Amino acid sequence: MVDLDIQIPTTFDPFAEAGELGGTGTKEYVHIRIQQRNGKKSLTTVQGLKHDLSYEKILKSLKKDFCCNGNVVKDKELGKIIQLQGDQRKNVSQFLVNAGIVKKDQIKIHGF
């Protein structure tokens with residue numbers, strides 16, 4: 001028999017390094033949502049802020065700037081969530097960017 005020096009191609013995964021380098025799927029977002037209550041009443045929720053931040057100080061600044069009430073809710077699965085009265089989605093996103101808490105591309109605004 002004749003010995004041939006042939007290389008057998010192996011499978012190549014182009015996304016194998018994405019998990020190691022922090023690809024697009026691992027990006028942390030801050031979710032700002034609106035929840036409808038009864039009638040015209042609504043709640044704005046802010047979820048996904050870093051755990052080392054002081055939620056109480058952020059809430060105090062938000063309440064003072066937007067003249068609304070709010071509180072911090074602790075959830076087993078989601079962690080701490082800031083709730084504000086009314087539709088404050090755009091105001092909260094501008095506040096978080098201007099204060100340097102998150103970048104603009106890390107914010108996702110949900111709702112109608």
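Let me start with the hairpin: β1 and β2 form one, with five residues between the two strands. In the turn sits G39, whose phi is positive, about 70°. Strands and helices here are DSSP runs numbered from the N terminus, with at least two residues of type E for a strand and at least four of type H or I for a helix.

A word on the source. This is a predicted model, with residues numbered from 1 along each chain as its sequence is written. Local features need pLDDT of at least 70 and side-chain atom pairs count only at pLDDT 80 or more, while totals for chains, interfaces and linings use all residues, and side-chain values use heavy atoms, with hydrogens and water left out.

Back to the hairpin. β1 covers residues 30–36 and β2 covers 42–47. The two strands pair in the antiparallel sense, over six bridges. Two strands count as paired if DSSP finds at least two bridges between them. In general, strands of a sheet pair through backbone hydrogen bonds, either parallel or antiparallel. As one example from the hairpin, I32 has V46 in β2 as its bridge partner.

Now the sheet that the hairpin belongs to. In what order do the five strands lie in the sheet? The order is β3-β4-β2-β1-β5, in an open sheet with mixed pairing. The edges are β3, residues 70–75, and β5, residues 107–109, and each of these pairs on one side only. From one strand to the next, the twist averages 25°. Angles like this run from 0 to 180 degrees between N-to-C directions, and the axes are lines fitted to C-alpha atoms, for helices over the stretch in contact.

On its other side, β2 runs antiparallel to β4, and five bridges join them. Q47 is bridged to I81 in β4. β4, residues 79–85, also pairs with β3, antiparallel and over six bridges. There K74 stands opposite K80 of β4.

Is β2 mostly covered or mostly open? β2 is mostly covered, and six of its six residues are buried. Buried means under 20% relative accessible area, exposed means over 50%, and partly exposed is in between, using a 1.4 Å probe and protein chains only. S42, T44 and V46 point one way from β2, whereas L43, T45 and Q47 point the other way.

Next, the helices. α1, residues 55–66, lies across β3 and β4 and runs at about 10° to β4. α2, residues 89–98, packs on the sheet and touches β1, β2, β4 and β5. The direction of α2 makes about 160° with that of β1. Contact here means heavy atoms within 4.5 Å.

Take α1 first. Its 12 residues, at 1.5 Å a residue, should span 16 Å, and the end C-alpha atoms are 16 Å apart, which agrees. The expected span is 1.5 Å times one less than the number of residues. Which residues of α1 are buried? They are Y55, I58, L59, L62 and F66. Seen down the axis of α1, these fall within an arc of 100°, so they line one face of the helix. The arc is taken from the directions that lead from the helix axis to the C-beta atoms. The buried residues of α1 pack against β3, β4 and α2. Turned away from that side are the exposed residues K57, K60 and K64.

α2 can be read in a similar order. Its buried residues are R89, V92, S93, F95 and L96. Down the axis of α2, they fall within an arc of 160°, so these too line one face. They pack against β1, β2, α1, β4 and β5. The face turned away carries K90, Q94 and N98, which are exposed. V97, also in α2, is partly exposed, at 31% relative accessible area. Leaving out residues up to four places away in sequence, V97 touches V102, K103, K104 and I107. Just after α2, G100 has a positive phi of about 80°.

Last, the cysteines. How many disulfides does the structure hold? It holds zero. A disulfide is a pair of cysteine sulfur atoms within 2.5 Å. For C67, the nearest cysteine sulfur is that of C68, and it is 7.8 Å away. C67 comes just after α1 and has a positive phi of about 50°. C67 is exposed, at 73% relative accessible area, whereas C68 is buried, at 14%.
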